[in-house]
Amino acid sequence: MASESLGISQIGLVARSPEGHAAKGMSIKGNEDLWVEIQAHTFRNWVNEHLRCVNMEVRDLAQDFCDGTRLCALVEVLQKRKLRTNWIKRPINQHQYLENVSAALSAINEDGVKLVNIGK
(Lines give C-alpha, C1' and ligand atoms only; values in the text may rest on other atoms or scores of the structure.)
Protein backbone atom coordinates (compact mmCIF):
# COMPACT_ATOMS: atom_id res chain seq x y z
CA MET A 1 0.00 0.00 0.00
CA ALA A 2 1.38 3.44 -0.91
CA SER A 3 0.48 4.97 2.44
CA GLU A 4 2.48 2.31 4.31
CA SER A 5 5.56 3.27 2.33
CA LEU A 6 5.14 6.77 3.76
CA GLY A 7 5.04 5.37 7.29
CA ILE A 8 1.29 5.69 7.83
CA SER A 9 -0.31 2.76 9.59
CA GLN A 10 -3.81 1.53 8.82
CA ILE A 11 -5.02 2.92 12.13
CA GLY A 12 -3.46 6.26 11.21
CA LEU A 13 -5.59 6.32 8.09
CA VAL A 14 -8.69 5.51 10.13
CA ALA A 15 -7.97 8.49 12.39
CA ARG A 16 -7.95 10.93 9.47
CA SER A 17 -10.80 13.30 8.74
CA PRO A 18 -12.99 12.64 5.68
CA GLU A 19 -10.93 15.25 3.80
CA GLY A 20 -7.82 13.19 4.54
CA HIS A 21 -5.62 15.96 5.87
CA ALA A 22 -6.39 16.16 9.59
CA ALA A 23 -7.10 13.88 12.49
CA LYS A 24 -10.67 13.26 13.59
CA GLY A 25 -11.53 13.97 17.16
CA MET A 26 -10.51 10.92 19.10
CA SER A 27 -9.90 9.87 22.65
CA ILE A 28 -6.17 10.07 23.27
CA LYS A 29 -6.14 7.95 26.42
CA GLY A 30 -4.83 4.53 25.45
CA ASN A 31 -3.92 5.79 21.95
CA GLU A 32 -0.90 7.89 22.84
CA ASP A 33 1.42 6.13 20.37
CA LEU A 34 -1.11 6.57 17.59
CA TRP A 35 -1.51 10.24 18.47
CA VAL A 36 2.25 10.79 18.34
CA GLU A 37 2.37 9.04 14.94
CA ILE A 38 -0.42 11.24 13.57
CA GLN A 39 1.19 14.41 14.91
CA ALA A 40 4.62 13.48 13.50
CA HIS A 41 3.12 12.71 10.09
CA THR A 42 1.16 15.97 10.08
CA PHE A 43 4.22 17.96 11.13
CA ARG A 44 6.37 16.28 8.45
CA ASN A 45 3.81 17.22 5.80
CA TRP A 46 3.75 20.82 7.06
CA VAL A 47 7.57 20.99 7.01
CA ASN A 48 7.71 19.60 3.47
CA GLU A 49 5.17 22.18 2.26
CA HIS A 50 7.50 24.93 3.46
CA LEU A 51 10.76 23.30 2.33
CA ARG A 52 9.46 22.67 -1.19
CA CYS A 53 10.42 26.22 -2.23
CA VAL A 54 14.08 25.52 -1.36
CA ASN A 55 14.11 22.06 -2.97
CA MET A 56 14.43 20.16 0.30
CA GLU A 57 12.38 17.35 1.79
CA VAL A 58 12.09 15.56 5.12
CA ARG A 59 11.25 11.85 5.19
CA ASP A 60 12.42 10.97 8.71
CA LEU A 61 12.17 13.79 11.25
CA ALA A 62 14.95 12.55 13.55
CA GLN A 63 17.37 11.62 10.78
CA ASP A 64 16.76 14.49 8.37
CA PHE A 65 17.00 17.24 10.98
CA CYS A 66 20.11 15.83 12.70
CA ASP A 67 22.68 17.93 10.80
CA GLY A 68 20.64 21.14 11.14
CA THR A 69 20.61 22.01 7.44
CA ARG A 70 16.91 21.40 6.88
CA LEU A 71 16.12 23.05 10.21
CA CYS A 72 18.06 26.19 9.23
CA ALA A 73 16.41 26.23 5.81
CA LEU A 74 12.97 25.84 7.40
CA VAL A 75 13.59 28.70 9.83
CA GLU A 76 14.76 30.93 6.97
CA VAL A 77 11.65 30.10 4.94
CA LEU A 78 9.35 30.77 7.89
CA GLN A 79 11.13 34.01 8.87
CA LYS A 80 11.38 35.10 5.23
CA ARG A 81 14.98 36.15 5.78
CA LYS A 82 18.45 34.69 6.17
CA LEU A 83 19.60 33.66 9.64
CA ARG A 84 21.87 36.17 11.36
CA THR A 85 24.36 33.42 12.03
CA ASN A 86 25.79 31.81 8.91
CA TRP A 87 25.06 28.12 8.85
CA ILE A 88 27.05 25.37 7.22
CA LYS A 89 25.34 24.09 4.07
CA ARG A 90 27.37 20.86 3.94
CA PRO A 91 28.39 19.97 7.49
CA ILE A 92 30.87 17.13 7.82
CA ASN A 93 31.06 16.47 11.54
CA GLN A 94 28.98 16.54 14.72
CA HIS A 95 30.42 19.89 15.78
CA GLN A 96 29.11 21.50 12.57
CA TYR A 97 25.75 19.74 13.02
CA LEU A 98 25.45 21.32 16.46
CA GLU A 99 26.46 24.74 15.11
CA ASN A 100 23.62 24.55 12.58
CA VAL A 101 21.04 23.43 15.13
CA SER A 102 22.19 26.17 17.51
CA ALA A 103 21.87 28.81 14.78
CA ALA A 104 18.32 27.71 14.01
CA LEU A 105 17.29 27.50 17.67
CA SER A 106 18.77 30.94 18.37
CA ALA A 107 16.76 32.44 15.52
CA ILE A 108 13.61 30.75 16.79
CA ASN A 109 14.31 32.05 20.30
CA GLU A 110 14.88 35.60 19.00
CA ASP A 111 11.36 35.48 17.53
CA GLY A 112 9.96 34.48 20.93
CA VAL A 113 8.65 31.13 19.69
CA LYS A 114 7.97 28.53 22.37
CA LEU A 115 8.91 24.99 21.31
CA VAL A 116 6.87 22.03 22.52
CA ASN A 117 7.49 18.29 22.38
CA ILE A 118 5.00 15.89 20.78
CA GLY A 119 6.66 12.63 21.66
CA LYS A 120 8.85 10.72 24.02
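**Exercise 1.** Which helix gives the most to the lining of the largest pocket, and with how many residues?

*Solution.* The structure under study is a predicted model.

Step 1. Establish the extent of the pocket. The largest pocket holds about 720 Å³ of space, and 22 residues line it.

Step 2. List the contributing helices. At least two lining residues come from each of H3, H4 (61-64), H5 and H6.

Step 3. Identify the main contributor. H5 gives the most to this lining, with 5 residues.

Step 4. Locate the centre. Phe43, Leu71, Leu74, Ile108 and Leu115 are the lining residues that lie nearest the centre of the pocket.

Step 5. Classify the lining. It consists of 18 nonpolar, 2 polar and 2 charged residues.

**Exercise 2.** Determine how many residues of helix H5 are buried, and state what covers them.

*Solution.* Step 1. Recall the cut-off: a residue is counted as buried if its relative accessible area is under 20%.

Step 2. Apply the cut-off to H5. This helix spans residues 69-79, and 9 of its 11 residues are buried, so that H5 is mostly covered.

Step 3. Name the residues. The buried ones are Thr69, Leu71, Cys72, Ala73, Leu74, Val75, Glu76, Val77 and Gln79.

Step 4. Find the cover. Helix H3 (32-51) and helix H6 (94-110) are among the elements that cover these buried residues.

Step 5. Examine the end of the helix. Just after H5, Lys80 adopts a positive phi of about 60°.

**Exercise 3.** Describe the largest nonpolar core and the part that H5 plays in its composition.

*Solution.* Step 1. Recall a general tendency. In soluble globular proteins, nonpolar side chains tend to be buried together.

Step 2. Find the best-connected members. The largest nonpolar core has 15 residues, and those touching the most other members are Val47, Leu51, Phe65, Cys72, Val75 and Leu83.

Step 3. Assign the core to helices. H3, H5 and H6 each supply at least two of its residues, and the largest share, 5 residues, comes from H5.

Step 4. Follow one member. Leaving aside residues up to four places away in sequence, Val75 touches Leu83, Ala104, Ala107 and Ile108.

**Exercise 4.** Characterise the protein as a whole by its helices and strands, its burial and its accessible surface.

*Solution.* Step 1. Count the elements. The protein has 6 helices and 0 strands, in the order α-α-α-α-α-α along the sequence.

Step 2. Consider burial. Of the 120 residues, 29% count as buried.

Step 3. Consider the surface. The accessible surface comes to about 8,500 Å², and carbon and sulfur atoms account for 54% of it.

Notes:
Residues numbered from 1 in each chain as written. Predicted model: local features only at pLDDT ≥ 70, side-chain atom pairs only at ≥ 80, totals over all residues. Heavy atoms only, no water. Buried < 20%, exposed > 50% of the residue type's maximum accessible area, 1.4 Å probe, protein only. Helix = DSSP H or I, 4+ residues; strand = E, 2+ residues; numbered from the N terminus. Contact = heavy atoms within 4.5 Å. 1 Å grid on protein atoms, 1.4 Å probe; cavity = no way out; pocket = protein on both sides within 12 Å on 5 of 7 lines; lining within 4 Å. Points joined across faces, edges and corners; volume = space filled by probe spheres on them. Nonpolar A, V, L, I, M, F, W, Y, C, P; charged D, E, K, R; others polar. Areas by Shrake-Rupley, 256 points an atom, 1.4 Å probe, with all protein chains shown as cover. Core = buried A, V, L, I, M, F, W, Y, C linked by side-chain atoms within 4.5 Å.
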